[in-house]
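Q: Please take one part of this model and examine it closely, together with its surroundings. A single connected account would serve best.

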Amino acid sequence: MTSPSTSGYSTAQKLLHWSVVILLAVQYLFFDHMGRLFHQTVESGSPVWTTTSTVHALLGSTVLLLALARLGLRARIGVPPAPAGNEPDWAEKAATATHVVLYLLLIGLPVGGLLAWFFGIGWIAEAHEIGTTVLLWVVGLHVAAVVVHHVWWKSPILKRMI
């Protein structure tokens with residue numbers, strides 16, 4: 001396994017990152033219609049398994065495992081240093097805060113979704129639904145920040161993850 005260099009993340013970190021991106025896109029685009037199934041689950045007292053609920057739970061569980069693997073790699077081999085350049089001082093702090101929120105959501109949403117699904121806990125299901133919207137906005141912020149770094153500040157930050 002390659003460790004992160006001053007210019008980029010390791011191959012394993014890149015694969016985990018882009019795998020999570022793909023899984024989240026599939027989850028949002030095809031398997032995000034769990035409300036009706038959740039209400040049926042609460043009414044029946046046990047999970048209602050359909051293709052949608054099964055794939056949604058499997059994708060969410062996979063995102064959880066990959067996020068934990070990413071954190072493990074991050075702890076073990078680290079990350080490349082912030083690029084030196086034209087970025088203002090606050091940009092690195094904002095990036096750190098955004099990454100913390102992303103990891104919290106990538107771990108908390110699957111855990112909350114599984115708890116809501118298997119135990120029929122309505123308030124956790126509502127928090128899960130709100131959290132998915134927050135995740136979408138934070139991912140959008142993350143992508144916008146990468147574009148600003150790349151286009152406005154001429155930073156090599158995008159190249160670190162491709």
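A: The expected span of a helix is 1.5 Å times one less than its number of residues, a helix being a DSSP run of H or I with at least four residues, numbered from the N terminus. The model is predicted, so local features require pLDDT of at least 70 and side-chain atom pairs pLDDT 80 or more, whereas totals for chains, interfaces and linings use all residues. Residues are numbered from 1 along each chain as its sequence is written, and side-chain values use heavy atoms, without hydrogens or water.

The part chosen is helix α5, which runs from 122 to 152. Its 31 residues should span 45 Å, and the separation of its end C-alpha atoms, 44 Å, agrees with that expectation. The buried residues of α5 (buried being under 20% relative accessible area, exposed over 50%, partly exposed in between, with a 1.4 Å probe and protein chains only) are Ile124, Ala125, His128, Gly131, Thr132, Leu135, Val138 and His149. An α-helix has 3.6 residues a turn, so residues three or four places apart point the same way. The cover over the buried residues of α5 includes α1, α2, α3 and α4, with contact taken as heavy atoms within 4.5 Å.

After α5 comes Lys154, whose phi is positive, near 55 degrees. Lys154 is a residue other than glycine. At a relative accessible area of 64%, Lys154 is exposed.

Helix α5 also borders open space. A pocket is an open set of points on a 1 Å grid over the protein atoms alone, where a 1.4 Å probe fits, with protein on both sides within 12 Å along at least five of seven lines; lining residues have an atom within 4 Å of a point. Its volume is the space filled by probe spheres set on the points. The largest pocket has a volume of about 1,300 Å³. Its lining comprises 48 residues, and the closest to the centre are His99, Leu102, His142, Val146 and Ile157. Helix α5 provides 13 residues, the largest share of this lining; α1, α3 and α4 are also among the helices that each supply at least two. By kind, the lining of the largest pocket holds 34 nonpolar, 8 polar and 6 charged residues; here Ala, Val, Leu, Ile, Met, Phe, Trp, Tyr, Cys and Pro count as nonpolar, Asp, Glu, Lys and Arg as charged, and the others as polar.

The second largest pocket contains about 650 Å³ of space. Of its 29 lining residues, those closest to the centre are Met34, His56, His128, Glu129 and Thr132. His128 and Thr132 are thus listed here as well as among the buried residues of α5. Two or more lining residues of the second largest pocket come from each of α1, α2, α3, α4 and α5. This lining divides into 15 nonpolar, 11 polar and 3 charged residues.

Two residues in the covering helices merit attention. Gln27, in helix α1, counts as buried at 12% relative accessibility. A polar atom of the Gln27 side chain lies 3.0 Å from the backbone oxygen of His56. Apart from residues up to four places away in sequence, Gln27 touches Asp32, Val55, His56, Leu59 and Gly60. Thr41, in helix α2, is buried with a relative accessible area of 3%. Beyond its neighbours within four places in sequence, Thr41 is in contact with Ser46, Pro47, Val48 and Trp117.

Methods. Polar contact = N/O pair within 3.5 Å; in protein donor to acceptor, adjacent residues only side chain to side chain.
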